[in-house]
Amino acid sequence: MRRFVIGSARNLLHRSHQNSQFQRPLLSSSYRLLSSSPSANPSSSSSSTMAPPVALNNINPKVLECEYAVRGEIVTLAQKLQEEIKAKPESHPFEEILYCNIGNPQSLGQQPITFFREVLALCDHPAILDKSETQGLFSADSIERAWQILDQIPGRATGAYSHSQGVKGLRDAIAAGIEARDGFPADPNDIFLTDGASPAVHMMMQLLIRSEKDGILCPIPQYPLYSASIALHGGSLVPYYLDEATGWGLEVSELKKQLETARSKGITVRALVVINPGNPTGQLLAEENQKAIVEFCKQEGLVLLADEVYQENVYVPEKKFHSFKKVSRSMGYGEKDISLVSFQSVSKGYYGECGKRGGYMEITGFGADVREQIYKVASVNLCSNISGQILASLVMSPPKVGDESYESYSAERDGILSSLARRAKTLEDAFNKLEGVKCNKAEGAMYLFPRIELPEKAIKAAEAAKKAPDAYYCQRLLTATGIVFVPGSGFGQVPGTWHFRCTILPQEEKIPAVVSRLTDFHKSFMDEFRG
Amino acid sequence: MGLKALDYETLNENVKKVQYAVRGELYLRASELQKEGKKIIFTNVGNPHALGQKPLTFPRQVVALCQAPFLLDDPNVGLLFPADAIARAKHYLSLTSGGLGAYSDSRGIPGVRKEVAEFIERRDGYPSDPELIFLTDGASKGVMQILNCIIRGQGDGILVPVPQYPLYSATISLLGGSLVPYYLEESANWGLDIDNLRESVAQARFKGISVRAMVIINPGNPTGQCLSEANLREILNFCYQENLVLLGDEVYQQNIYQDERPFISARKVLMDMGAPISKEVQLVSFHTVSKGYWGECGQRGGYFEMTNLSPQAVDEIYKIASIALSPNVPAQIFMGLMVNPLKPGDISYEQFVRESQGILESLRRRARLMTDGFNSCKNVVCNFTEGAMYSFPQIRLPPKAMEAAKKAGKVPDVFYCLKLLEATGISTVPGSGFGQKEGVFHLRTTILPAEEDMPAIMSSFKKFNDEFMDQYEDNWNHSRM
């Protein structure tokens with residue numbers, strides 16, 4: 001398996017990342033130092049003495065700089081161990097790798113929602129819709145929905161490129177779903193269907209970032225798509241710290257402080273990223289909090305980038321998800337008042353359809369000329385995959401009470417969500433029982449982000465191994481138990497604190513094994529390094 | 001009241017520079033007219049299924065079964081699906097780590113990449129490494145990823161053919177790089193001239209641009225020409241001498257409509273040339289499920305294969321791929337099915353061959369129909385569509401037409417294409433969207449309208465064109481329009 005390289009170029013950039021401010025170093029001078037353009041001599045007979053045109057020393061430095069820990073070093077090691085076990089089952093003190101690094105529910109046994117898959121299968125192979133045998137294999141309402149969807153696709157051609165924003169009829173269904181959710185209207189023309197929410201985030205970063213002088217406010221800890229995307233587009237990440245002591249609270253005073261600091265350094269802050277429910281932190285924002293955030297963005301002229309992909313993952317009965325669109329509209333703010341981009345995905349929730357790459361962004365509060373540019377960028381890639389588009393429309397307009405499939409659909413949905421809530425609680429309790437570990441509740445999303453106090457000896461051992469302490473802990477955990485967590489440094493944390501992110505996704509019957517293996521390991525680790 | 005957060009003035013300048021005519025002005029106008037009730041024939045984009053081409057049956061059966069694996073447990077599944085589709089669905093599901101709904105390896109499912117490598121080996125006669133094959137959400141995403149690695153700034157130039165498929169110019173603009181054009185010679189069947197290439201490179205270097213890569217589109221888009229083996233050798237030698245990475249866009253490799261120049265991959269020729277070139281020239285080859293006779297544009301399935309890139313460079317490209325998590329899994333299965341097709345003896349083989357050949361033979365006929373049809377029009381000259389999916393006739397606009405265009409505030413070929421659209425409903429893309437020599441105008445249309453519709457479309461075009469030419473030519477009395 002390929003290792004992510006720690007070459008000299010990357011080390012240079014990596015060291016400058018160790019400081020907690022996440023400022024993107026000014027790279028323009030360093031890449032000229034590193035690059036070696038071949039001399040312009042067209043008559044040279046051999047290029048063997050020249051550096052190849054694509055090599056580490058002339059690759060786009062923004063590529064070198066960005067990092068994505070979710071599929072980073074620890075995962076590469078895990079895959080290596082997995083192969084070793086496959087070849088020689090007794091080679092490690094565990095039988096299998098337990099991937100708790102990534103929000104990928106169906107890879108760990110979560111079942112897809114039957115109704116959704118029925119509709120997708122029929123849309124993939126519409127030739128069977130007319131056959132009588134189909135009635136015996138598919139529910140009647142899935143057949144009906146498939147017909148309905150196909151009628152909205154020109155020529156019923158699911159293999160054709162659609163409109164670059166996505167099939168109009170599907171956007172209509174999504175807009176209706178948004179309206180049903182929020183109680184405020186949504187316009188299908190504001191919706192851009194994308195191959196997952198991530199490409200939509202990239203699109204916005206591309207539009208917003210002109211140079212490293214453009215800053216994007218991001219929560220720390222954050223899902224590293226944001227730091228990676230900002231780095232790739234050459235901008236600056238302006239961190240704002242979530243408060244671990246108050247359940248990862250987001251204070252507008254902290255936003256203001258960071259905004260001012262950035263501005264004093266000559267950075268133009270363009271947007272604010274809010275992940276709600278949070279990743280990796282899992283907190284759900286209170287409505288009052290959300291109103292203050294909207295007000296802040298409005299006052300400071302920031303685009304609000306609302307990552308709401310976990311909107312259906314809420315595990316605490318006393319809290320609810322409120323979309324930022326709803327909150328803004330309930331404050332009386334419309335198109336002229338707040339520029340808002342809301343991201344949603346088919347990868348999370350109770351549907352967990354990561355592999356389909358379906359999602360959308362809803363853009364409101366932008367002028368026609370800006371919207372035209374957004375459309376233009378979307379058109380270069382022609383369109384997102386049609387099956388993912390269909391799934392996004394299903395997620396936003398699932399079976400209703402009275403539909404034939406409603407009961408089985410809601411049983412599947414509730415089964416998954418209640419199981420997730422149980423697993424979140426079980427793991428949270430397990431972490432809180434570990435020496436030196438404190439874990440905030442996962443109110444939503446799919447993760448736990450416990451904080452670990454590592455003894456001095458462990459920190460020294462980590463230094464000797466040239467690893468961040470949390471990465472060292474995670475590696476030791478992996479090699480002892482096969483469990484894969486992602487070190488907190490991949491998400492950002494207050495300097496000098498250490499965390500790791502663990503998903504709540506292993507199947508319920510595997511959770512006791514995870515807990516016991518983890519507990520045993522942690523005890524022996526602490527025994528080894530306790531002062 | 002706060003400040004406006006994002007307005008046109010504060011947008012990334014690179015975004016503003018981007019142009020993508022394929023879904024630009026003509027397409028938008030056509031869509032408007034369609035909404036008003038006019039019948040539009042969309043020939044602006046290579047989108048076969050939108051013009052009535054049917055999907056191949058077998059892959060749809062397999063993917064439908066993969067979507068709904070509970071069908072596989074049903075005793076009646078055989079009533080709707082043939083046994084080989086059922087077996088193949090089980091095969092692909094076993095290669096995934098959780099079915100279609102789980103993120104795969106960021107490079108794509110290893111088992112599918114192995115099938116791609118085997119396909120490449122069968123096609124070219126040289127082994128291919130699955131570790132150097134990355135599946136992507138369409139070939140376009142792959143092109144963007146690779147160009148993103150290469151382009152550091154304005155100082156980096158990419159050699160791009162003119163005319164070209166504007167994904168390249170758009171991406172280079174977006175990434176802030178420099179497009180270094182090399183002109184294909186229309187009178188020499190859109191041939192490539194090495195001296196012209198050298199000159200383009202020299203000019204770019206003189207301006208301080210570091211020329212990093214060369215794009216070839218083979219078969220060409222919009223031009224359709226198929227490169228000969230000699231051409232490819234010349235190009236590879238050139239890349240070797242000039243130290244360029246070759247980006248081989250080979251998405252139309254199944255679309256070949258003449259027998260003199262069958263498709264040969266850049267990689268095969270590279271390997272044939274032996275050391276040191278075969279070991280040093282860097283090459284990235286692109287392919288897709290969107291074109292060929294599959295035409296599965298809506299799936300967004302593609303791959304790129306890297307040759308002679310260092311392990312560290314490959315790692316960085318892998319890292320970027322991992323941020324997007326994984327390409328969509330259904331399309332990966334389409335890709336597997338495309339590179340690992342049915343064999344004689346398989347239950348569905350004959351139907352598959354019949355469907356495939358039917359499409360290819362029809363495309364070949366339509367390529368000829370369209371070329372001849374254009375050549376029968378006044379002031380229109382059209383090279384034969386040797387491959388791909390397009391026709392790119394040259395429209396010789398009379399000076400009065402150019403004046404009228406100027407008055408209307410439009411580039412001449414845009415003016416012509418708008419008039420064509422309004423008169424006939426045929427939605428094309430003006431040649432200026434692809435690049436052309438100064439003062440020479442073209443339009444691009446696809447050869448994809450259904451065969452039975454072709455005669456009517458071509459005669460509708462001819463009527464419009466000949467009347468247009470009559471109207472704008474100097475020595476004619478034009479009272480008709």
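Modeller: Before we start, one term: buried means under 20% relative accessible area, exposed over 50%, and partly exposed in between (1.4 Å probe, protein chains only).

Colleague: Fine. What kind of model is this?

Modeller: It is a predicted model, where local features need pLDDT of at least 70 and side-chain atom pairs count only at pLDDT 80 or more, while totals for chains, interfaces and linings use all residues. Residues are numbered from 1 along each chain as its sequence is written, chains are lettered from A and ligands numbered from 1 in the order in which they are written, and side-chain values use heavy atoms, with hydrogens and water left out.

Colleague: Interface, then. How many residues does each of chain B and chain A bring to the contact?

Modeller: Chain A brings 113 residues and chain B brings 105. Contact here means heavy atoms within 4.5 Å.

Colleague: And how much area do chain B and chain A bury between them?

Modeller: About 9,000 Å², with 57% of it on carbon and sulfur atoms. Buried area is the accessible area (1.4 Å probe) that two parts lose on being put together, summed over both.

Colleague: How many salt bridges are there between chain B and chain A?

Modeller: One. A:Asp195 pairs with B:Lys141, at 3.5 Å from N to O. The rule asks for a side-chain nitrogen of Lys or Arg within 4 Å of a carboxyl oxygen of Asp or Glu.

Colleague: How many residue pairs are in polar contact across that interface?

Modeller: The rule finds 39 between chain B and chain A, with both residues at pLDDT 80 or more. A polar contact is a pair of N or O atoms within 3.5 Å; within protein, one must be able to donate a hydrogen and the other to accept it, and residues adjacent in sequence count only if both atoms are side-chain atoms.

Colleague: Which helix gives the most to the side of chain B that touches chain A?

Modeller: Helix α12 (residues 311–323) of chain B, with 11 residues. Helices (H or I, at least four residues) and strands (E, at least two) are DSSP runs, numbered from the N terminus. By class, the side of chain B that touches chain A has 52 nonpolar, 29 polar and 24 charged residues. Ala, Val, Leu, Ile, Met, Phe, Trp, Tyr, Cys and Pro count as nonpolar, Asp, Glu, Lys and Arg as charged, and the others, Gly among them, as polar.

Colleague: Why is helix α3 of chain B called largely enclosed?

Modeller: Helix α3 (residues 57–67) of chain B has 11 of its 11 residues buried, so the rest of the structure largely encloses it. Among them are B:Phe58, B:Arg60 and B:Cys66.

Colleague: What covers the buried residues of α3(B)?

Modeller: Both chains take part. The cover includes α5 (114–124) and α15 (386–396) of chain A, along with α4 (83–95), α13 (329–339) and α14 (349–375) of chain B.

Colleague: Over to chain A. How many residues of helix α10 are buried?

Modeller: Eight of eight, so to speak of helix α10 (residues 225–232) of chain A as mostly covered is fair. The buried set includes A:Tyr226 and A:Ile230. Just after α10(A), A:Gly234 has a positive phi of about 80 degrees.

Colleague: Cysteines. How many disulfides over all chains?

Modeller: Zero. A disulfide is a pair of cysteine sulfur atoms within 2.5 Å. For A:Cys383 the closest cysteine sulfur is in B:Cys297, 8.1 Å away, too far for a bond. A:Cys383 is buried, at 3% relative accessibility. B:Cys149 has its closest cysteine sulfur in A:Cys66, at 9.1 Å, again too far for a bond. B:Cys149 is also buried, with a relative accessible area of 3%.

Colleague: Back to charges. How many salt bridges over all chains?

Modeller: The count comes to 54. One of them joins A:Glu443 and A:Lys319, with the closest N and O atoms 3.0 Å apart.

Colleague: Where do A:Glu443 and A:Lys319 lie?

Modeller: A:Glu443 is in the loop between β9 (437–438) and β10 (447–448) of chain A, and A:Lys319 is in the loop between β6 (303–307) and α13 (324–330) of chain A, so the pair ties together parts 124 residues apart in sequence. A:Glu443 is buried at 15%, whereas A:Lys319 is partly exposed at 28%.

Colleague: What about B:Arg205 and B:Glu242?

Modeller: Their side chains form a salt bridge at 2.7 Å, N to O. B:Arg205 is in helix α8 (residues 194–206) of chain B and B:Glu242 in helix α9 (residues 229–242) of chain B, 37 residues apart. B:Arg205 is buried at 16%, and B:Glu242 is buried at 2%.

Colleague: Which residues are linked in a network of salt bridges?

Modeller: A:Glu435, A:Lys523, A:Asp527 and A:Arg530.
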